[in-house]
Each structure stands twice: as structure tokens, then as C-alpha cells.
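Me: Hi! I'm new to this one and would love a quick tour. Can I show you what I have and ask as we go?

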Amino acid sequence: MTSTESDRSASRAGSPEASETAVDEPTRTDTSHPKTYAAGVPAVAVSMKRGFTQMGPLRTARTFLELNQRHGFDCPGCAWPEKPGGRKPAEFCENGAKAVAEEATRRRVTPDFFATHSVAELRERSEYWLSQQGRITHPMLLRDGATHYEPLDWADAYRLIADELAALDSPDEAVFYTSGRTSNEAAFVYQLFARSLGTNNLPDCSNMCHESSGHALSTTIGIGKGSVSVLDVENADLILIAGQNPGTNHPRMLSILGDAKRNGATIVAINPLPEAGLLRFRDPQRPGDILGAGTTLADEFLQVRLGGDMALFRGLAALLLRAENANPGTVFDHEFLETYCSGVDDYLALVADTDMDEICEATGLRLAELEKLAQLWISSDKTIVCWAMGLTQHRHAVATIEEVTNTLLLSGMIGKPGAGVCPVRGHSNVQGDRTMGIWEQMPESFLAAIDSEFGITSPREVGYDVVDALRAMRDGKVGIFMSMGGNFVSATPDTEVTKAAIARCRLTVQVSTKLNASHLATGSTALILPTLGRTDRDIRDGKRQLVTVEDSMGSVHLSRGSLTPSSDCMRSEVGIICELAETVLGSDHAVNWSGLASDYDRIRDHVAAVVPGFENFNDRVRQPDGFLLPHPPRDSREFPTESGRAVLTVNDLEWLPTPQGRLILQTLRSHDQYNTTIYGHDDRYRGIKGNRRIIMVNPDDLTELGLTDDQPVSIVSEFEGAGGLEERRVDGFRVVSYPTPRGNAAAYYPETNPLVPLDHVATKSNTPVSKGITVRLVATP
């Protein structure tokens, strides 16, 4: 089969650049051995090819050289931070290059495009085809009962939203969703608008990824953010990377891990799948790596079963306790535990009863592997544990991350250089959005501060998160849904339930840069409002505006777009929110919306008055590398919990046995994907080419299930809900023999999101369980 690397988007009316028709669904799957290294020459070649195809050579050079530079723009991809001090000339990775190429593309989706393509026709297209069409140039309206979107001007769009909001019985019948690409300034005015209106219904993408991390860390150390910096990672003795694939999801992390290795660090990869980026890294900016074999990263690979991470860290703690009892004072940091921690005795009593046979069964690991990990841990003076959604999207995710933190606390690994917790967030400003108030349950201190600063009265009732918003829409309790960026329909679980829930809304509003499936699963009436992206120049009242972002490690810095926008009809996110707010709330509202829209420095001055750590925001963020937000456990070993001490938590051990004749499925990204944006049909590092509708299964499981490699199957998920056994099904998949743990399988989202029940969520965090789905495979002709 011809690789979809060569596929190009379809000719489209009104587009200045037509090209060959894109292939939507390949007819066969090509597989080869998974790669044993990441990056290198292929990554450079792919980056350049995507840039040239979407932008042309000159635009490619301009944008790539400004990407993640001090006077450039922040990557619209992941939230991995830049290293303080000097930056490399090419401060980006392959997937960052793809994200920029798609945003800075010369392709356009004009009103003529929508006149040519009906909504029904577009619904038949794949996510890949939709994303390849280009930037949306004009506000578009889908009237109730219409077959096509049509253009309208901004004033009419705002008035339509205002009229629908006025018709609600309560502000709580409106939901305001936020994607992690939104800037700090846009996030702040967005939540200010929602709370001025009278609702805390502010779900965001963090509800579906790191909500479990935030909940667990808030409970254990008092702040829901990581405690390490890039320099800490570089200087650690031992780095555990659990449930994360940095080679695809955070490729720039690999260069920092390479530096850590050269500084003598030991790296342990803990993951169900062998990932190329954790095996070997060929740094494109190191000639020795390009010409040679590169840098071996993982010293150990522990192929843990899905859902077995809590058992792994419980078993590790049990082995550490055993070693401490054998040689008192040599393993645990007793001074740290006595001075800063609570719950130690209860936790150690629990750990003492650990059954190591159960630990081995739950993890799929041999006792010798766990004992070796324990020895590495004991030998380390500076230990960091990194994780991503492989830990956060399980029913027992919060308990798992609490277990990780417990183990670090036993050794005093919080609040010392080169050690700590490192949740690696995906979207570029998801952490900043939360800091700015995008949360359905912001604390009283924040709400009181914005009330005092603006003279409004914020609601105090807890709002909807993503899952509860979907349930409310499903139950007819929501009339208006507004999304600030993102692709809500494809990012959320239980796709058919989600589409039906959204269809019950009277109005859906999407603030977007590009076409996606969420523009085609709508309420009775739907609006698309085209917005500027990170690469675009933002001019308000003749002044170039700057925005800020917060990276995954709590550093805040500026982002400056420089490209001419694709259309004069585009608005910035800040402009859209403020103009809408003034239309809805009136020009005499307590908030000076037009003033905020005309000068983002004014927004930052308000943030400085409301959010702790942002004092002198405008001055400090203009420093070369911005500024680092305070983190009490890291900075001074102060733990802002209720007791003022770090808390070792006690949880019953949970893991995921595989039922007879079934598999436990995790959904994940391919290498040619970022979140729900599909760049192509290939997964280069895993050796899978030409098809995304595949499921990776251990070859011994295939034999046991009576299936063969490349056999067509349907996947049926099984969930024991309140009303009994529920089943969901996706068709048209093919089996790929792959080195997964026995009893486990993997497949790409959003294609498998229909299998994730809306009510299958993590305890305490309400995050959809996308990494622990019981499925059976049904052979099809």
C-alpha cells in the first residue's frame, strides 16, 4: 500500500492551493519490526517535508526558527519546558513541527468550501481529511435544519449567542469548555466571563488527562503540580518513566534525558509497550548521535501489565521496607519523615502485609526485576518519577499516583535538588489554564479575589467537569455548549453517547483554527468562530499583543506570533471572549471588557492582583526566560495540606486481572498524531503503516483466541454498569501481532473512544478510564 505520507488534501472550492484527493481509509495494513530508536535523520526529514507541503520553504524556515525561541512563539503542541539560558537554533521536535505546519498552513477553508460540502458529506470524512483542509477564515452558522454552514458577520454571531444565553432559565444551563492550547490571558477572561454570567461550568481537557495527578498531589503534598525543573531532571541519579511515551508525545524530553544519561543518571522505563524513544535517542542536533548509534536511554525496561503500576510501587515500597528493617537508617529518610510527614506508621503497616506473589501477578514482572529496581532506588540520592496518561486514566489512578508519592516521601525525595514528582502534561498550556481559574471547583480564595478585583459576585456552587457536563447534556440540562479550542467530540469518551448529548443542546459554539469532527456533531444551531493561532500576529488597536503560557514545570513565558493571519475576519481568543462578554453583559458591566481586549497588559495586571505568584506579572514575564511560579514543597519543604505536612496515604491495592477470553485494552496515540489531530495513517516507531483501525495483541494471545495476524475483527467492550452488563462495538479493525503484555491490547484513539463508557471513570478524579477497558475480539469476514 502507498503510505499516506504522500496523501494530500482534496481540491476545495475557494482554496488558493488545490492538491490531490486525500485517501480517507486505507485498505490494508503494512507492518514491520518496531523501531529501536527515536528521532535522527528520519525525524528531520519528516519535519521538513510536512513544513514544505503545508507552508512552502520560506514560511517553513521562518516559523521553525521562531518556534520556542525567546522572541518567538510557544509550540502549540506539548508543554515540555525549555531549558533556562541559551536555546538551540532548532528548539523543536518532529511533532512540534507537524503542529506548527498544520497551523501555519497556506490552505484555507472559506465560505465557498462550506457551500460546496454539506454537513452530511463532511461527516463521512475522516479526522485526517478534515484537518488537512486548512484554516477556517470566516464565522460560519449552521441554522436549525440546514444542510450547509453559511457565513455571518461577527456582530450577528455574538448577538445570536447573547439571545440564546438570555433565554436560559439559569446560567448553569451553559457549559464553557477549554482546550489546553488557550493562552493564560484568554483563559483568565474566559473564566471571568463564565463567572460574571453566573456559572462555574468550566470543564477542560485536564479533566480527561491529568485530573488524577492534580487530585493525588493536592492530597499528598498540597499542590497539584510537579515539583521538579529541567535542571533537576538533568542532575538526577535515578529517573523512573512510568506510563509515558516521550518519543511520540514529548520528544524534546528525550534531549534532556540524554543529558541526564551523560551526567550519570540511571533511567528505568515502566510501560506496557516497548517505546522507541525510551530505548535509544538519536539527537538531531548532536552530530555524534546522527552519525553513530545515538544514546541508550533506558537501562531497564519493566513491561508492566495495564493497571499494574500501583502494585509495582506498592511492591517497591515493600522491598524498601524489608531493606530498611534489615539495615535500619540506611533506606528511609527518617528525619524528613518525622519533620514533614504524617500517616507514616499507618502506611508502613499496610506495606508490611504486602503479598509479593500478588504483586508479581498484578504487574506481570518477576520478583528479581522488582528487587533490582529496589536496589537502584536504594542506591540513588536523587530520584524522580515521571508519568503521563498511562497512570492517570485508570479507575484506581488517584490511588496509583498517591502510591508513587508515598514511595518518594519514604526516601525524602520531595523538596531536594534532582528529586521529586514529574507529571508530564500534554497540551501546551493546560497547566496554565488551571492556574488562571479554568476549573469547576476553584477555591474560595480565588473566587473572593476576582470578586474583589472586578466588583462581581462569582457563583460558589461546584460546576460541571467534562464527564458531568456530558451527563447533563445527555439528560437535557444544558442548552448551550461553547468550546474554546480543541475537538471535544473526538477527545471525550463514549462517542455515540457524546454526539447524542450534544445534539440535545440548542446551540453549540466552537472557537477554532481548523475543521474537525466537533463542527459536525452539533446542537440544533451551531457556530464556528475562527480564531488566531500561536503563529499568527495579533494586532489590537494598532498594538502588537503578546500572550503567555505556563509549561509543565511551572515556568511562565511570553509567546509572540509573527505570521499574517489567514483572513481579516479572524479574531484572537481574547478578542472573541471580550467582545462576546460585552454583547452579553452590556458596556456598563463592572468588567471593562473592551479595555481588556485592546491591551493584554491590562489582563496581566488583573492576574497579578488575583493569582498568587504572579506579582509584577508584566515586568517579570518580559525577562528573557520569564519566571518560575512558587512551589512550596519544592522551594522550602512547606506542604500546604490541611495538616501542613506531607501525607502518606493508605489505599487498598487495585489491579486489573484479565477475564477468560477477554483482553484489557488501552487507547493511545500513534506517532503521526497529536491528541485528536491526525497527521497521517502511519505509526513509524511501532512499525505500523497505512492504517489506524488496528489493535495490537500479543502473539500468544492471538493463538489462544484463535485469531491470526492481520485478521479483520470487531472490538466489543464490556462494562458492568448500574443496569447490568453494557456493551459497545467498533467495526472494521485488523489485528496486529505486537509485543504487548499477555492479556493486554492497544489501539488508537479517537477511533476506539466509542468503547469507553461515560460512566467508567477514575475514583475521585472522574477521569474517563481509557487505559483499562475489558474487550473481546469478534472475527469478521
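Me: Let's start with Ser-483. Leaving aside neighbours within four places in sequence, which residues is it in contact with?
Reply: Ser-483 touches Tyr-177, Tyr-190, Val-509, Gln-510 and Val-511. Keep in mind that this is a predicted model.

Me: Thanks! Where does Ser-483 lie, and is it buried or exposed?
Reply: Ser-483 lies in strand 16, residues 480–484. With a relative accessibility of 0%, Ser-483 counts as buried.

Me: OK, on to helix 26. Which of its residues are buried?
Reply: Thr-495, Thr-498, Ala-501 and Ile-502 are the buried ones in helix 26. Looking down the axis of helix 26, you find its buried residues within an arc of 125°, so they line one face of the helix.

Me: Why would residues three or four places apart point the same way?
Reply: An α-helix has 3.6 residues a turn, so residues at that spacing point the same way.

Me: And what do the buried residues of helix 26 pack against?
Reply: They pack against helix 24 (466–474), helix 25 (488–491) and strand 17 (507–512).

Me: What about Glu-496, buried or exposed?
Reply: Glu-496, which also lies in helix 26, is exposed, with a relative accessible area of 53%. Its C-alpha atom is 9.2 Å from that of Asn-753, although the two residues are 257 residues apart along the chain.

Me: Let's hop to helix 23. What's buried there?
Reply: In helix 23, residues 444–454, the buried residues are Phe-446, Leu-447, Ala-449, Ile-450, Asp-451 and Phe-454. They pack against helix 8 (184–197), helix 22 (430–435) and helix 29 (600–610). Just after helix 23 comes Gly-455, with a positive phi of about 75°.

Me: New topic: how many disulfides does a search of the whole structure find?
Reply: Zero. Take Cys-209, which is in no disulfide: the nearest cysteine sulfur belongs to Cys-205 and is 5.3 Å away. The cut-off for a disulfide is two cysteine sulfur atoms within 2.5 Å.

Me: Is Cys-209 buried or exposed?
Reply: Cys-209 counts as buried, at 13% relative accessibility. Cys-360 is buried too, at 17%.

Me: I keep looking at the strands. Which ones make up the closed barrel?
Reply: It has six strands, running 25-32-29-31-30-33 with mixed pairing. From one strand to the next, the twist averages 45°.

Me: How do strand 25 and strand 32 run, parallel or antiparallel?
Reply: Strand 25 (residues 663–668) and strand 32 (residues 744–748) run parallel, joined by five bridges. In one of these pairings, Leu-665 has Ala-745 in strand 32 as its bridge partner.

Me: Last topic, salt bridges. How many are found in the whole structure?
Reply: The search finds 44. One of them joins Arg-662 and Glu-718, whose closest N and O atoms are 3.0 Å apart. Arg-662 lies in the loop between strand 24 (646–647) and strand 25, and Glu-718 in strand 30, so the pair ties together parts that are 56 residues apart in sequence.

Me: How exposed is Arg-662?
Reply: Arg-662 is partly exposed, with a relative accessible area of 27%, whereas Glu-718 is buried, at 16%.

Me: Which residue does Arg-776 meet in a salt bridge?
Reply: Its partner is Glu-727, at 2.8 Å from N to O. This pair links strand 33, home of Arg-776, with strand 31, home of Glu-727, 49 residues apart. Salt bridges that share partners also join Glu-185, Lys-543, Asp-599, Asp-601, Arg-604 and Arg-622 into one network.

Terms used
Residues numbered from 1 in each chain as written. Predicted model: local features only at pLDDT ≥ 70, side-chain atom pairs only at ≥ 80, totals over all residues. Heavy atoms only, no water. Buried < 20%, exposed > 50% of the residue type's maximum accessible area, 1.4 Å probe, protein only. Helix = DSSP H or I, 4+ residues; strand = E, 2+ residues; numbered from the N terminus. Contact = heavy atoms within 4.5 Å. Pairing = 2+ DSSP bridges. Axes fitted to C-alpha atoms, helices over the stretch in contact; angles between N-to-C directions. Arc of directions from axis to C-beta. Salt bridge = Lys/Arg side-chain N within 4 Å of Asp/Glu carboxyl O.
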